[in-house]
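Reader: Hey, got a minute to go through the charged side chains in this one with me? Pull it up and we'll start.

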Amino acid sequence: MLPVIALVGRPNVGKSTLFNRLTKSRDALVANYAGLTRDRKYGEAEIDGRKVILVDTGGISGDEEGIDVAMAEQSLQAIEEADLVLFLVDCRAGLTPADEIIARRLRTGSKTTLLVANKVDGVNPDIALAPFYELGIGDLFPITATHGRGVRTLLERVVADLPAAEAPEQEELATGIKIAIVGRPNVGKSTLVNRLLGEDRVVVYDQPGTTRDSIYINYQRDEKPYTLIDTAGIRRRKNIKESVEKFSIVKTLQAVEDANVVVLVIDAREGLVDQDLHLMGSVIQAGRALVVALNKWDGLEADHRDFVKAELERRLRFVDFADVHFISALHGTGVGHLYQSIEAAYRAATDKLSTSHLTRILQWAVSEHQPPLVRGHRIKLRYAHAGGQNPPVVVIHGNQTDQVPAHYVRYLEKTFRNALELHGTPVKIEFRSGENPYAGKKNKLTDRQKAKKRRLMKFVKKKK
(Lines give C-alpha, C1' and ligand atoms only; values in the text may rest on other atoms or scores of the structure.)
Protein backbone atom coordinates (compact mmCIF):
# COMPACT_ATOMS: atom_id res chain seq x y z
CA MET A 1 0.00 0.00 0.00
CA LEU A 2 1.12 3.56 -0.69
CA PRO A 3 2.35 5.47 2.39
CA VAL A 4 0.34 8.54 3.43
CA ILE A 5 1.88 11.94 4.26
CA ALA A 6 -0.29 14.60 5.95
CA LEU A 7 0.43 18.35 5.82
CA VAL A 8 -0.86 20.01 8.99
CA GLY A 9 -0.48 23.42 10.61
CA ARG A 10 -2.43 26.53 11.41
CA PRO A 11 -4.14 28.49 8.60
CA ASN A 12 -2.12 30.28 5.91
CA VAL A 13 1.31 28.76 6.61
CA GLY A 14 1.76 27.41 3.06
CA LYS A 15 0.41 23.85 3.26
CA SER A 16 -1.42 24.05 -0.07
CA THR A 17 1.59 25.65 -1.77
CA LEU A 18 3.82 22.77 -0.66
CA PHE A 19 1.10 20.30 -1.67
CA ASN A 20 1.01 21.73 -5.21
CA ARG A 21 4.80 21.68 -5.48
CA LEU A 22 5.11 18.05 -4.39
CA THR A 23 2.22 16.81 -6.54
CA LYS A 24 3.34 19.03 -9.46
CA SER A 25 -0.22 20.28 -9.85
CA ARG A 26 -2.50 23.20 -9.02
CA ASP A 27 -5.21 21.09 -7.41
CA ALA A 28 -5.14 22.96 -4.10
CA LEU A 29 -6.33 26.58 -4.06
CA VAL A 30 -3.59 29.00 -3.00
CA ALA A 31 -4.10 32.61 -1.87
CA ASN A 32 -2.93 34.92 0.90
CA TYR A 33 -6.10 34.25 2.84
CA ALA A 34 -6.42 32.24 6.04
CA GLY A 35 -8.83 29.30 6.00
CA LEU A 36 -9.03 28.89 2.23
CA THR A 37 -8.70 25.08 2.41
CA ARG A 38 -11.81 23.60 4.02
CA ASP A 39 -11.73 19.83 3.46
CA ARG A 40 -8.89 17.37 3.11
CA LYS A 41 -7.35 17.33 -0.36
CA TYR A 42 -5.68 14.17 -1.66
CA GLY A 43 -3.05 13.80 -4.35
CA GLU A 44 -0.29 11.48 -5.49
CA ALA A 45 3.39 12.40 -5.56
CA GLU A 46 6.60 10.60 -6.46
CA ILE A 47 9.63 11.18 -4.23
CA ASP A 48 12.90 9.62 -5.41
CA GLY A 49 11.00 6.97 -7.34
CA ARG A 50 8.63 6.11 -4.49
CA LYS A 51 4.95 6.95 -4.83
CA VAL A 52 3.10 8.45 -1.86
CA ILE A 53 -0.33 9.90 -1.09
CA LEU A 54 -0.30 13.51 0.11
CA VAL A 55 -3.11 14.95 2.24
CA ASP A 56 -3.60 18.74 2.36
CA THR A 57 -5.66 19.89 5.34
CA GLY A 58 -7.35 22.99 6.61
CA GLY A 59 -5.71 24.95 9.42
CA ILE A 60 -5.96 24.40 13.17
CA SER A 61 -6.01 27.57 15.27
CA GLY A 62 -7.31 26.32 18.61
CA ASP A 63 -10.24 28.78 18.80
CA GLU A 64 -12.42 27.36 16.02
CA GLU A 65 -16.04 28.36 15.66
CA GLY A 66 -18.69 27.30 13.17
CA ILE A 67 -17.25 25.69 10.04
CA ASP A 68 -13.71 26.00 11.43
CA VAL A 69 -14.55 23.24 13.93
CA ALA A 70 -15.18 20.84 11.06
CA MET A 71 -11.95 21.98 9.41
CA ALA A 72 -9.99 21.16 12.57
CA GLU A 73 -11.65 17.74 12.79
CA GLN A 74 -10.62 17.07 9.18
CA SER A 75 -7.01 17.92 10.04
CA LEU A 76 -7.00 15.67 13.10
CA GLN A 77 -8.46 12.84 11.03
CA ALA A 78 -5.67 13.30 8.48
CA ILE A 79 -3.11 12.88 11.27
CA GLU A 80 -4.71 9.62 12.34
CA GLU A 81 -4.62 8.06 8.87
CA ALA A 82 -1.09 9.26 7.99
CA ASP A 83 2.20 7.37 8.17
CA LEU A 84 4.21 10.61 8.31
CA VAL A 85 3.19 14.14 9.35
CA LEU A 86 4.74 17.36 8.04
CA PHE A 87 4.01 20.09 10.61
CA LEU A 88 4.30 23.50 8.89
CA VAL A 89 4.96 26.76 10.72
CA ASP A 90 5.40 30.34 9.46
CA CYS A 91 8.85 31.91 9.96
CA ARG A 92 7.57 35.43 9.33
CA ALA A 93 4.74 35.20 11.87
CA GLY A 94 6.90 33.44 14.45
CA LEU A 95 5.78 31.00 17.12
CA THR A 96 2.07 31.30 17.96
CA PRO A 97 -0.22 29.66 20.56
CA ALA A 98 -1.87 27.68 17.73
CA ASP A 99 1.52 26.18 16.84
CA GLU A 100 1.98 25.09 20.46
CA ILE A 101 -1.47 23.48 20.53
CA ILE A 102 -0.75 21.46 17.39
CA ALA A 103 2.73 20.48 18.63
CA ARG A 104 1.25 19.26 21.92
CA ARG A 105 -1.18 17.08 20.00
CA LEU A 106 1.56 15.65 17.78
CA ARG A 107 3.92 14.92 20.69
CA THR A 108 1.25 12.85 22.44
CA GLY A 109 0.65 10.79 19.31
CA SER A 110 2.72 8.01 17.82
CA LYS A 111 3.13 9.47 14.32
CA THR A 112 6.54 10.34 12.90
CA THR A 113 6.57 14.14 12.59
CA LEU A 114 8.89 16.54 10.79
CA LEU A 115 8.83 20.25 11.66
CA VAL A 116 8.90 22.40 8.50
CA ALA A 117 9.52 26.15 8.79
CA ASN A 118 8.08 27.80 5.68
CA LYS A 119 8.57 31.34 4.30
CA VAL A 120 12.23 31.51 5.33
CA ASP A 121 13.13 33.83 2.46
CA GLY A 122 13.70 37.47 3.41
CA VAL A 123 14.37 36.77 7.10
CA ASN A 124 17.44 35.93 9.15
CA PRO A 125 17.23 32.12 9.53
CA ASP A 126 19.15 32.00 12.82
CA ILE A 127 16.80 34.49 14.46
CA ALA A 128 13.56 33.29 12.80
CA LEU A 129 14.05 29.58 13.49
CA ALA A 130 15.19 29.80 17.12
CA PRO A 131 11.70 30.02 18.77
CA PHE A 132 10.41 26.88 17.03
CA TYR A 133 12.89 24.61 18.81
CA GLU A 134 10.72 25.12 21.92
CA LEU A 135 8.07 22.90 20.33
CA GLY A 136 10.19 19.80 20.95
CA ILE A 137 9.31 18.16 17.65
CA GLY A 138 12.88 17.39 16.57
CA ASP A 139 14.86 18.45 13.54
CA LEU A 140 13.76 21.68 11.85
CA PHE A 141 13.68 22.02 8.06
CA PRO A 142 13.59 25.63 6.72
CA ILE A 143 12.00 25.93 3.27
CA THR A 144 10.33 28.35 0.89
CA ALA A 145 7.49 26.41 -0.71
CA THR A 146 6.79 29.04 -3.38
CA HIS A 147 10.34 28.88 -4.79
CA GLY A 148 11.36 25.36 -3.78
CA ARG A 149 14.20 26.46 -1.51
CA GLY A 150 15.12 23.70 0.97
CA VAL A 151 12.49 21.29 -0.38
CA ARG A 152 15.11 18.86 -1.72
CA THR A 153 16.67 18.45 1.73
CA LEU A 154 13.23 17.94 3.26
CA LEU A 155 12.32 15.24 0.74
CA GLU A 156 15.54 13.33 1.44
CA ARG A 157 14.55 13.13 5.09
CA VAL A 158 10.95 12.23 4.17
CA VAL A 159 12.12 9.25 2.12
CA ALA A 160 14.35 8.09 4.97
CA ASP A 161 11.47 8.25 7.49
CA LEU A 162 8.83 6.57 5.32
CA PRO A 163 7.85 3.07 6.47
CA ALA A 164 9.53 0.29 4.55
CA ALA A 165 7.47 -1.34 1.82
CA GLU A 166 5.95 -4.41 3.39
CA ALA A 167 5.86 -7.68 1.48
CA PRO A 168 2.26 -8.95 1.22
CA GLU A 169 1.35 -11.99 3.25
CA GLN A 170 0.62 -15.22 1.46
CA GLU A 171 -3.14 -15.03 1.90
CA GLU A 172 -3.22 -11.52 0.40
CA LEU A 173 -1.40 -12.45 -2.80
CA ALA A 174 -3.60 -11.96 -5.85
CA THR A 175 -4.25 -15.04 -7.98
CA GLY A 176 -5.76 -13.36 -11.06
CA ILE A 177 -6.90 -10.07 -12.56
CA LYS A 178 -7.11 -7.55 -9.73
CA ILE A 179 -10.43 -5.70 -9.89
CA ALA A 180 -10.99 -2.68 -7.63
CA ILE A 181 -14.59 -1.68 -6.90
CA VAL A 182 -14.66 2.05 -6.11
CA GLY A 183 -17.34 4.69 -5.78
CA ARG A 184 -19.09 7.07 -3.42
CA PRO A 185 -20.87 5.84 -0.28
CA ASN A 186 -24.17 4.04 -0.73
CA VAL A 187 -23.90 3.50 -4.49
CA GLY A 188 -24.00 -0.28 -4.11
CA LYS A 189 -20.32 -1.30 -4.02
CA SER A 190 -20.85 -4.03 -1.41
CA THR A 191 -23.90 -5.38 -3.23
CA LEU A 192 -21.95 -5.51 -6.49
CA VAL A 193 -19.05 -7.32 -4.76
CA ASN A 194 -21.42 -10.00 -3.44
CA ARG A 195 -23.11 -10.27 -6.85
CA LEU A 196 -19.78 -10.69 -8.65
CA LEU A 197 -18.76 -13.40 -6.23
CA GLY A 198 -22.05 -15.24 -6.79
CA GLU A 199 -24.12 -17.41 -4.50
CA ASP A 200 -22.19 -20.65 -5.13
CA ARG A 201 -18.79 -19.10 -4.80
CA VAL A 202 -15.69 -20.87 -3.58
CA VAL A 203 -14.51 -20.33 -0.04
CA VAL A 204 -12.70 -17.00 0.10
CA TYR A 205 -10.34 -15.65 2.71
CA ASP A 206 -10.87 -12.06 3.78
CA GLN A 207 -7.81 -10.45 5.31
CA PRO A 208 -8.77 -7.04 6.65
CA GLY A 209 -5.81 -4.92 7.64
CA THR A 210 -5.75 -1.50 9.21
CA THR A 211 -8.37 1.14 8.47
CA ARG A 212 -6.33 2.06 5.38
CA ASP A 213 -6.14 -1.48 3.96
CA SER A 214 -8.60 -2.98 1.51
CA ILE A 215 -9.99 -6.51 1.50
CA TYR A 216 -8.54 -8.89 -1.11
CA ILE A 217 -10.88 -11.69 -2.20
CA ASN A 218 -9.56 -14.46 -4.46
CA TYR A 219 -12.18 -16.42 -6.39
CA GLN A 220 -12.81 -18.17 -9.72
CA ARG A 221 -15.39 -17.71 -12.44
CA ASP A 222 -15.57 -20.04 -15.44
CA GLU A 223 -12.24 -21.51 -14.27
CA LYS A 224 -10.58 -18.09 -14.53
CA PRO A 225 -8.93 -16.59 -11.42
CA TYR A 226 -9.89 -13.12 -10.24
CA THR A 227 -9.08 -10.98 -7.22
CA LEU A 228 -11.62 -8.44 -5.99
CA ILE A 229 -10.29 -5.46 -4.04
CA ASP A 230 -13.22 -4.30 -1.93
CA THR A 231 -12.92 -0.66 -0.86
CA ALA A 232 -16.37 -0.58 0.75
CA GLY A 233 -14.85 -1.00 4.21
CA ILE A 234 -17.36 -2.96 6.31
CA ARG A 235 -19.26 -5.33 4.05
CA ARG A 236 -22.66 -6.86 4.59
CA ARG A 237 -22.61 -9.80 7.03
CA LYS A 238 -25.34 -12.34 7.76
CA ASN A 239 -25.48 -11.32 11.41
CA ILE A 240 -25.78 -7.59 10.64
CA LYS A 241 -29.23 -6.29 9.79
CA GLU A 242 -28.12 -3.04 8.18
CA SER A 243 -25.47 -2.52 5.53
CA VAL A 244 -22.77 -0.15 6.71
CA GLU A 245 -20.29 1.42 4.31
CA LYS A 246 -17.26 3.37 5.36
CA PHE A 247 -15.77 5.67 2.76
CA SER A 248 -12.09 6.48 2.71
CA ILE A 249 -10.34 8.41 -0.04
CA VAL A 250 -6.98 7.02 1.06
CA LYS A 251 -8.27 3.47 0.88
CA THR A 252 -9.67 4.11 -2.59
CA LEU A 253 -6.44 5.62 -3.94
CA GLN A 254 -4.41 2.72 -2.57
CA ALA A 255 -6.78 0.17 -4.10
CA VAL A 256 -6.67 1.94 -7.48
CA GLU A 257 -2.86 1.91 -7.46
CA ASP A 258 -2.78 -1.84 -6.77
CA ALA A 259 -5.50 -2.86 -9.25
CA ASN A 260 -5.34 -3.95 -12.88
CA VAL A 261 -8.89 -2.86 -13.71
CA VAL A 262 -11.07 -0.39 -11.80
CA VAL A 263 -14.87 -0.62 -11.81
CA LEU A 264 -16.31 2.79 -10.90
CA VAL A 265 -19.83 2.41 -9.51
CA ILE A 266 -22.20 5.36 -9.98
CA ASP A 267 -25.71 5.76 -8.57
CA ALA A 268 -27.98 6.14 -11.61
CA ARG A 269 -30.73 7.70 -9.51
CA GLU A 270 -28.47 10.59 -8.45
CA GLY A 271 -26.69 10.82 -11.78
CA LEU A 272 -23.09 11.88 -12.33
CA VAL A 273 -21.80 14.17 -9.56
CA ASP A 274 -18.48 15.93 -9.03
CA GLN A 275 -17.16 13.29 -6.63
CA ASP A 276 -17.59 10.65 -9.35
CA LEU A 277 -15.52 12.78 -11.71
CA HIS A 278 -12.82 13.24 -9.07
CA LEU A 279 -12.58 9.47 -8.57
CA MET A 280 -12.48 8.98 -12.32
CA GLY A 281 -9.67 11.50 -12.60
CA SER A 282 -7.71 9.63 -9.92
CA VAL A 283 -8.09 6.39 -11.87
CA ILE A 284 -6.86 7.99 -15.09
CA GLN A 285 -3.96 9.69 -13.29
CA ALA A 286 -2.92 6.31 -11.93
CA GLY A 287 -3.13 4.91 -15.47
CA ARG A 288 -5.50 2.08 -14.64
CA ALA A 289 -7.99 0.42 -17.00
CA LEU A 290 -11.52 1.65 -16.32
CA VAL A 291 -15.05 0.26 -16.54
CA VAL A 292 -18.02 2.46 -15.54
CA ALA A 293 -21.08 0.80 -13.98
CA LEU A 294 -24.30 2.78 -13.42
CA ASN A 295 -26.05 0.92 -10.63
CA LYS A 296 -29.73 1.02 -9.60
CA TRP A 297 -30.77 1.36 -13.25
CA ASP A 298 -33.92 -0.71 -12.75
CA GLY A 299 -37.02 1.18 -11.76
CA LEU A 300 -35.99 4.46 -13.39
CA GLU A 301 -38.45 6.28 -15.57
CA ALA A 302 -37.71 6.47 -19.29
CA ASP A 303 -37.29 10.26 -19.19
CA HIS A 304 -34.79 10.02 -16.33
CA ARG A 305 -32.83 7.33 -18.17
CA ASP A 306 -32.59 9.53 -21.27
CA PHE A 307 -31.40 12.44 -19.12
CA VAL A 308 -28.70 10.34 -17.43
CA LYS A 309 -27.44 9.02 -20.79
CA ALA A 310 -27.26 12.54 -22.20
CA GLU A 311 -25.29 13.72 -19.15
CA LEU A 312 -22.86 10.81 -19.50
CA GLU A 313 -22.26 11.57 -23.16
CA ARG A 314 -21.67 15.24 -22.38
CA ARG A 315 -19.44 14.93 -19.31
CA LEU A 316 -17.49 11.72 -19.99
CA ARG A 317 -15.88 12.67 -23.28
CA PHE A 318 -12.45 12.61 -21.64
CA VAL A 319 -12.91 8.86 -20.91
CA ASP A 320 -14.44 7.85 -24.22
CA PHE A 321 -12.26 4.71 -24.17
CA ALA A 322 -14.12 3.22 -21.16
CA ASP A 323 -17.16 0.93 -21.44
CA VAL A 324 -20.32 2.09 -19.67
CA HIS A 325 -22.74 -0.53 -18.29
CA PHE A 326 -26.25 -0.01 -16.90
CA ILE A 327 -26.74 -2.58 -14.15
CA SER A 328 -28.72 -3.56 -11.09
CA ALA A 329 -26.38 -5.14 -8.55
CA LEU A 330 -29.33 -6.10 -6.34
CA HIS A 331 -31.12 -8.13 -9.02
CA GLY A 332 -28.07 -9.02 -11.14
CA THR A 333 -29.23 -7.29 -14.32
CA GLY A 334 -26.27 -6.60 -16.62
CA VAL A 335 -23.64 -7.61 -14.04
CA GLY A 336 -22.43 -10.56 -16.09
CA HIS A 337 -21.49 -8.26 -18.98
CA LEU A 338 -18.99 -6.46 -16.75
CA TYR A 339 -16.60 -9.39 -17.06
CA GLN A 340 -16.39 -8.96 -20.84
CA SER A 341 -15.29 -5.34 -20.47
CA ILE A 342 -12.93 -6.23 -17.60
CA GLU A 343 -11.23 -8.91 -19.69
CA ALA A 344 -10.95 -6.62 -22.73
CA ALA A 345 -9.54 -3.74 -20.67
CA TYR A 346 -7.01 -6.03 -18.97
CA ARG A 347 -5.81 -7.44 -22.30
CA ALA A 348 -5.39 -3.91 -23.69
CA ALA A 349 -3.51 -2.71 -20.59
CA THR A 350 -1.06 -5.65 -20.60
CA ASP A 351 -0.65 -6.21 -24.35
CA LYS A 352 2.93 -6.37 -25.68
CA LEU A 353 3.71 -3.71 -28.28
CA SER A 354 6.43 -4.01 -30.95
CA THR A 355 8.84 -1.20 -31.72
CA SER A 356 8.35 -1.40 -35.49
CA HIS A 357 4.56 -1.15 -35.19
CA LEU A 358 4.72 1.79 -32.80
CA THR A 359 7.20 3.61 -35.04
CA ARG A 360 4.95 3.17 -38.08
CA ILE A 361 2.00 4.59 -36.13
CA LEU A 362 4.14 7.55 -35.04
CA GLN A 363 5.26 8.24 -38.61
CA TRP A 364 1.65 8.14 -39.83
CA ALA A 365 0.52 10.47 -37.00
CA VAL A 366 3.30 12.98 -37.80
CA SER A 367 2.50 12.89 -41.51
CA GLU A 368 -1.17 13.59 -40.81
CA HIS A 369 -0.53 16.35 -38.28
CA GLN A 370 3.01 17.66 -37.82
CA PRO A 371 4.29 18.96 -34.48
CA PRO A 372 4.41 22.75 -34.12
CA LEU A 373 7.42 24.99 -34.67
CA VAL A 374 9.52 25.97 -31.63
CA ARG A 375 11.69 29.09 -32.11
CA GLY A 376 11.57 28.56 -35.85
CA HIS A 377 12.56 24.88 -35.71
CA ARG A 378 10.20 21.94 -36.22
CA ILE A 379 9.96 19.38 -33.41
CA LYS A 380 11.22 16.06 -34.80
CA LEU A 381 9.77 12.78 -33.52
CA ARG A 382 11.90 9.94 -34.91
CA TYR A 383 10.82 6.56 -33.46
CA ALA A 384 8.80 4.98 -30.65
CA HIS A 385 8.99 1.87 -28.50
CA ALA A 386 7.10 0.32 -25.57
CA GLY A 387 8.04 1.52 -22.11
CA GLY A 388 5.71 -0.40 -19.81
CA GLN A 389 2.33 -1.99 -19.21
CA ASN A 390 -0.75 -1.24 -17.11
CA PRO A 391 -0.98 1.43 -18.41
CA PRO A 392 0.61 0.99 -21.86
CA VAL A 393 3.56 3.39 -22.05
CA VAL A 394 4.83 4.61 -25.44
CA VAL A 395 8.29 6.19 -25.34
CA ILE A 396 8.96 8.59 -28.24
CA HIS A 397 12.48 9.71 -29.14
CA GLY A 398 13.26 12.91 -31.01
CA ASN A 399 14.54 16.48 -30.79
CA GLN A 400 13.05 19.25 -28.61
CA THR A 401 10.56 16.76 -27.16
CA ASP A 402 10.35 18.80 -23.94
CA GLN A 403 8.60 21.49 -26.02
CA VAL A 404 5.75 19.26 -27.26
CA PRO A 405 2.49 21.06 -26.28
CA ALA A 406 -0.25 19.33 -24.29
CA HIS A 407 -2.77 19.32 -27.16
CA TYR A 408 -0.32 17.42 -29.39
CA VAL A 409 0.31 14.89 -26.61
CA ARG A 410 -3.45 14.26 -26.42
CA TYR A 411 -3.53 13.84 -30.21
CA LEU A 412 -0.76 11.22 -30.01
CA GLU A 413 -2.49 9.40 -27.13
CA LYS A 414 -5.73 9.13 -29.08
CA THR A 415 -3.92 8.10 -32.27
CA PHE A 416 -2.01 5.28 -30.56
CA ARG A 417 -5.12 4.10 -28.69
CA ASN A 418 -7.19 3.90 -31.88
CA ALA A 419 -4.44 2.35 -34.00
CA LEU A 420 -3.59 -0.29 -31.40
CA GLU A 421 -7.28 -0.86 -30.51
CA LEU A 422 -6.54 -0.34 -26.83
CA HIS A 423 -10.05 -0.45 -25.41
CA GLY A 424 -10.75 0.45 -21.80
CA THR A 425 -7.31 1.74 -20.82
CA PRO A 426 -5.53 5.11 -21.03
CA VAL A 427 -2.22 5.45 -22.88
CA LYS A 428 0.77 7.22 -21.38
CA ILE A 429 3.21 9.07 -23.67
CA GLU A 430 6.79 9.71 -22.57
CA PHE A 431 9.42 11.64 -24.52
CA ARG A 432 13.18 11.27 -24.77
CA SER A 433 15.43 13.87 -26.39
CA GLY A 434 18.64 12.83 -28.11
CA GLU A 435 21.81 14.29 -26.68
CA ASN A 436 23.90 16.66 -28.79
CA PRO A 437 27.26 14.86 -29.30
CA TYR A 438 29.02 18.24 -29.66
CA ALA A 439 27.53 19.84 -26.55
CA GLY A 440 30.25 21.14 -24.23
CA LYS A 441 33.03 20.44 -26.71
CA LYS A 442 35.30 23.14 -28.10
CA ASN A 443 36.38 22.96 -31.70
CA LYS A 444 40.19 22.67 -32.03
CA LEU A 445 41.65 24.64 -34.93
CA THR A 446 44.41 23.25 -37.08
CA ASP A 447 47.61 25.25 -37.70
CA ARG A 448 46.34 26.23 -41.13
CA GLN A 449 43.05 27.49 -39.66
CA LYS A 450 44.91 29.47 -37.01
CA ALA A 451 47.09 31.18 -39.65
CA LYS A 452 44.01 32.04 -41.69
CA LYS A 453 42.35 33.50 -38.61
CA ARG A 454 45.41 35.70 -37.89
CA ARG A 455 45.46 37.01 -41.48
CA LEU A 456 41.74 37.80 -41.20
CA MET A 457 42.22 39.71 -37.96
CA LYS A 458 45.06 41.78 -39.49
CA PHE A 459 42.86 42.63 -42.47
CA VAL A 460 40.05 43.77 -40.17
CA LYS A 461 42.43 46.02 -38.20
CA LYS A 462 43.74 47.67 -41.39
CA LYS A 463 40.16 48.46 -42.49
CA LYS A 464 39.57 50.24 -39.20
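Author: Sure. This is a predicted model, and its salt bridges come to a count of 18.

Reader: OK, what does K119 pair with?

Author: K119 makes a salt bridge with D90, with 3.3 Å between the closest N and O atoms. The two sit in distant parts of the chain, 29 residues apart: K119 is in the loop between β5 and α4, and D90 is in strand β4.

Reader: Are K119 and D90 buried or exposed?

Author: Both K119 and D90 are buried.

Reader: And what about R92, which partner does that one meet?

Author: R92 meets D121 in a salt bridge, 3.3 Å from N to O. That pair also links distant parts of the chain, with R92 in the loop between β4 and α3 and D121 in the loop between β5 and α4.

Reader: Why does R92 count as exposed?

Author: Because its relative accessibility is 54%, and the cut-off for exposed is over 50%.

Reader: Switching to helix α5: how far apart in sequence are D161 and R157?

Author: They're four residues apart, about one turn of the helix. Their salt bridge has its closest N and O atoms 2.9 Å apart. D161 is partly exposed at 23%, and R157 is partly exposed at 28%.

Reader: Which residues form a salt-bridge network?

Author: K51, E257 and R288 are linked that way.

Reader: Last one: where's K450?

Author: In helix α13, residues 447-463. K450 belongs to a surface patch of positive charge, whose members include R448, K452 and R454.

Conventions: Residues are numbered from 1 along each chain as its sequence is written. This is a predicted model: local features need pLDDT of at least 70, side-chain atom pairs count only at pLDDT 80 or more; totals for chains, interfaces and linings use all residues. Side-chain values use heavy atoms; hydrogens and water are left out. Patches are made of residues with over 30% relative accessible area and no salt bridge: like charges are joined within 9 Å, nonpolar side chains (Val, Leu, Ile, Met, Phe, Trp, Tyr) within 5 Å. Accessible areas come from the Shrake-Rupley method with a 1.4 Å probe; for residues, only the protein chains shown count as cover. A salt bridge is a side-chain nitrogen of Lys or Arg within 4 Å of a carboxyl oxygen of Asp or Glu. Lys and Arg count as positive and Asp and Glu as negative; His and the chain ends are not counted. The place of a charge is taken as NZ of Lys, CZ of Arg, CG of Asp or CD of Glu. Buried means under 20% relative accessible area, exposed over 50%, partly exposed in between (1.4 Å probe, protein chains only).
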